[in-house]
Amino acid sequence: MKKDIQIGYEYFKNNSELSDIENTLFARAKQARENAYAPYSNFLVGCSVLLENGEIFSGNNQENAAFPSGLCAERTTLFWVAANFPNEKIKKIFIVGGPREFHEKNPPIPPCGACRQSLIEYETKQNENIDLYFSSMNDVVVKVNSIKDLLPFYFDATFL
């Protein structure tokens with residue numbers, strides 16, 4: 001039996017289409033991107049997270065000469081938030097990434113597979129979808145209403 005998978009997303013051509021809080025998250029992720037430690041890949045990523053209590057936190061990718069020891073911006077931010085606010089729900093996540101030498105034609109950068117799996121863990125834990133936005137440094141933004149839209153064949157603790 002064939003089953004079609006529908007991915008729900010929105011595409012914003014410029015940040016004037018975003019709400020005030022979305023623009024704040026975009027700005028915070030851009031700012032965090034500037035502080036990324038990426039001397040090997042020169043690929044900078046910033047992430048901002050909005051919690052249910054209204055607080056916003058941000059982080060960035062951190063590389064290491066022992067390549068598996070580095071960590072993406074999404075997981076850096078997510079793990080810090082979860083360690084310090086274990087009972088707060090995550091409402092929105094904004095990711096801004098791309099090469100150090102930004103070019104206007106850089107496409108929106110979605111989370112990598114490892115980050116998608118980590119994000120789905122927290123979405124499942126809180127039993128509530130997380131709005132995820134991703135972009136490059138330009139104003140083109142893609143929004144998905146759930147991490148499941150980026151990882152439709154996810155697995156979680158219910159499979160164990």
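Is C47 buried or exposed? Keep that one in mind while you find your way around; the answer comes at the cysteine stop. One thing before you click: this is a predicted model.

**Stop 1: the sheet**

Switch to a cartoon view and pick out the strands. Six of them form an open sheet, in the order β1-β6-β5-β4-β2-β3, and their pairing is mixed. Now colour β1 (9–12) and β3 (56–60). These two strands stand at the edges with a single partner each, so one side of each has no neighbour in the sheet. Look along the sheet and you can follow its turn: on average, neighbouring strands are rotated by 15° against each other, direction ignored.

Next, select residues 90–99 and 131–135. That gives you β4 and β5, which run parallel and are joined by five bridges. One pair to label here is K92 and D131, since D131 is the bridge partner of K92 in β5. You'll come back to both.

**Stop 2: the helices on the sheet**

Select residues 20–34 for helix α1. This helix lies across β2 (43–51), β3, β4, β5 and β6 (141–144), and it runs at about 45° to β4. Then add residues 73–84, which are helix α2. Here the helix packs on the sheet and touches β2, β3 and β4, with its direction making about 140° with that of β3.

Stay on α2 for a moment. Put a distance between its first and last C-alpha: the twelve residues reach 17 Å, close to the 16 Å expected at 1.5 Å a residue. Which residues of α2 are buried? Show A73, E74, R75, T77, L78, V81 and A82 as sticks. What they pack against is β2, β3, β4 and α3 (113–126).

**Stop 3: the cysteines**

Time for the opening question. Select C47: this residue is buried, at a relative accessible area of 1%. How many disulfides are there? The count is zero. From C47, the nearest cysteine sulfur belongs to C115 and is 8.4 Å away. Now move to C112. Its sulfur has its closest cysteine sulfur in C115 as well, at 3.7 Å, but that is too far for a bond, because the two sulfurs of a disulfide have to be within 2.5 Å. As for its surroundings, C112 is partly exposed, with 32% relative accessibility.

**Stop 4: the salt bridges**

There are seven salt bridges in the structure; here are some to visit. Begin with K143 and E10, whose side chains meet at 3.5 Å, N to O. K143 is in strand β6 and E10 in strand β1, so this pair ties together parts that lie 133 residues apart in sequence. K143 counts as buried at 10% relative accessibility, while E10 is partly exposed at 33%.

Then go to the end of α1 and select R33 and E34, another salt bridge, at 3.1 Å from N to O. R33 is buried at 2% relative accessibility, and E34 is partly exposed at 48%.

Finally, return to K92 and D131. Besides being bridge partners in the strands, they form a salt bridge, with their closest N and O atoms 3.1 Å apart. K92 sits in strand β4 and D131 in strand β5, so the pair links parts 39 residues apart in sequence. Both K92 and D131 are buried. To finish, show E10, K92, D131 and K143 together: salt bridges that share partners join them into one network.

How values were computed:
Residues numbered from 1 in each chain as written. Predicted model: local features only at pLDDT ≥ 70, side-chain atom pairs only at ≥ 80, totals over all residues. Heavy atoms only, no water. Pairing = 2+ DSSP bridges. Helix = DSSP H or I, 4+ residues; strand = E, 2+ residues; numbered from the N terminus. Axes fitted to C-alpha atoms, helices over the stretch in contact; angles between N-to-C directions. Contact = heavy atoms within 4.5 Å. Buried < 20%, exposed > 50% of the residue type's maximum accessible area, 1.4 Å probe, protein only. Expected span 1.5 Å × (residues − 1). Salt bridge = Lys/Arg side-chain N within 4 Å of Asp/Glu carboxyl O.
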